[in-house]
Amino acid sequence: MLQLAAYPRVRLGHFPTPLEFMPNLTRHLDGPNIYIKRDDCTGLATGGNKTRKLEFLVAQAIAEGADTLITQGAVQSNHARQTIAAAARVGMKCKILLEQRVSDATDDYEHSGNVMLDGLMGGEIVARLPSGTDMQQAMESLATELRSAGGKPYVIPGGGSTPVGALGYVACAQELLNQSFETGMRIDHVVHATGSTGTQAGLVVGLRASNSGIPVYGVSVRAPKQKQEENVWKLVQSTLDYMRLPASSVERADIVANSDFVGEGYGIPTDSMIEAVRLTAELEAILLDPVYSGKGMAGLIGLIRSGHFKKGENVVFIHTGGSAGLFGYRAVFDKTPRA
């Protein structure tokens, strides 16, 4: 096992998260056995995958003497919500920059869901910036302003996707292997939504460096296949370097990202996402989100229907959380029929 105890960590979540069989969805699709890793149950302000990353990122911020966390995301950012929650837990301030990635957004999208929770937990939305803004530079400029006023900010890139943040999903990979061993359930594939790349990079490093032989299949929610895979590969390499693991631990061929389910773009609803969210809710009483896990599950369902995964195989879907975002998309589900 990898020695993760060597890295500073602040306990923010409820771990291990459950690993559950989805009998009704499995029966409905008549394909592989579908399991779900419930990282929507991490416990930090409705939970989600960013909690794992923030345990390591916030620990580093504390070690550096920071008093304020700065991060960025889309308006309905799950990462922003969880970062604000983490700051509240450790007594820090939190400042957020939001990017208007979705055009023709409804009032619900602009003010409900994650945005409401951001304010409720005391986070400060400093600005809403137009799509295409250099958000990293905008955060660095804000950090410079705070430092000049005597503050000590710590900047977290979007999604917490740095080598430090990726440690959270190296830990998740180890957790998943422990659960596989304890239950005697062989894992043949891991599938999840991939966006800012930290989740996929951490899973790949954790599973490959443990010699598990379990492939990770990312379903992109934003970038085209080649770009997404290159972004993941870069973070994998820097994570291996950060952990002082051999570069040969992971090969480029281990990075797979399918972009067939993105639709018109990030955060823009698709018919397959709506079907996936409805099916999972109606058959398993599990709530996905419209931006990440909904498109990730749409990918899994589409791949099962096309025969990519075989009957008898055990497929684990990583639920990255985000159900609070559903409230920002109420109009989308109101006008579509049930599954």
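Here are three short exercises, with worked solutions, on a predicted model.

**Exercise 1.** Find S77: where is it located, is it buried or exposed, and which backbone nitrogen does its side chain approach?

*Solution.* Start with the location: S77 sits in the loop that runs between β3 (68-74) and α3 (78-90). Next, check its surface. The relative accessible area of S77 is 6%, and buried means under 20%, so S77 counts as buried. Finally, look at its side chain: a polar atom there lies 2.8 Å from the backbone nitrogen of A80.

**Exercise 2.** Work out how many cavities of 30 Å³ or more there are, and then describe what lines the largest cavity.

*Solution.* The count is two cavities of 30 Å³ or more. Take the largest cavity, with a volume of about 120 Å³. Its lining is made of 15 residues, and N49, K50, T199, Y292 and T320 are the ones nearest its centre. Now turn to the elements: α2 (50-63), β7 (189-194) and α8 (198-209) each give the lining of the largest cavity at least two residues. Last, sort that lining by class, and you get 10 polar, three charged and two nonpolar residues.

**Exercise 3.** Do the sorting again for the second largest cavity: which residues line it, and how do they divide by class?

*Solution.* This cavity, the second largest, has a volume of about 40 Å³. Go through its lining and you meet Q76, N78, N114, D289, P290, V291, Y292, G322, G325 and Y329. Split by class, the lining of the second largest cavity has five polar residues, four nonpolar and one charged.

Note on methods:
Residues are numbered from 1 along each chain as its sequence is written. This is a predicted model: local features need pLDDT of at least 70, side-chain atom pairs count only at pLDDT 80 or more; totals for chains, interfaces and linings use all residues. Side-chain values use heavy atoms; hydrogens and water are left out. Helices (H or I, at least four residues) and strands (E, at least two) are DSSP runs, numbered from the N terminus. Buried means under 20% relative accessible area, exposed over 50%, partly exposed in between (1.4 Å probe, protein chains only). A polar contact is a pair of N or O atoms within 3.5 Å; within protein, one must be able to donate a hydrogen and the other to accept it, and residues adjacent in sequence count only if both atoms are side-chain atoms. On a 1 Å grid over the protein atoms alone, a cavity is a set of points where a 1.4 Å probe fits but cannot get out, and a pocket is an open set with protein on both sides within 12 Å along at least five of seven lines; lining residues have an atom within 4 Å of a point. Grid points are joined across faces, edges and corners, and a volume is the space filled by probe spheres set on the points. Ala, Val, Leu, Ile, Met, Phe, Trp, Tyr, Cys and Pro count as nonpolar, Asp, Glu, Lys and Arg as charged, and the others, Gly among them, as polar.
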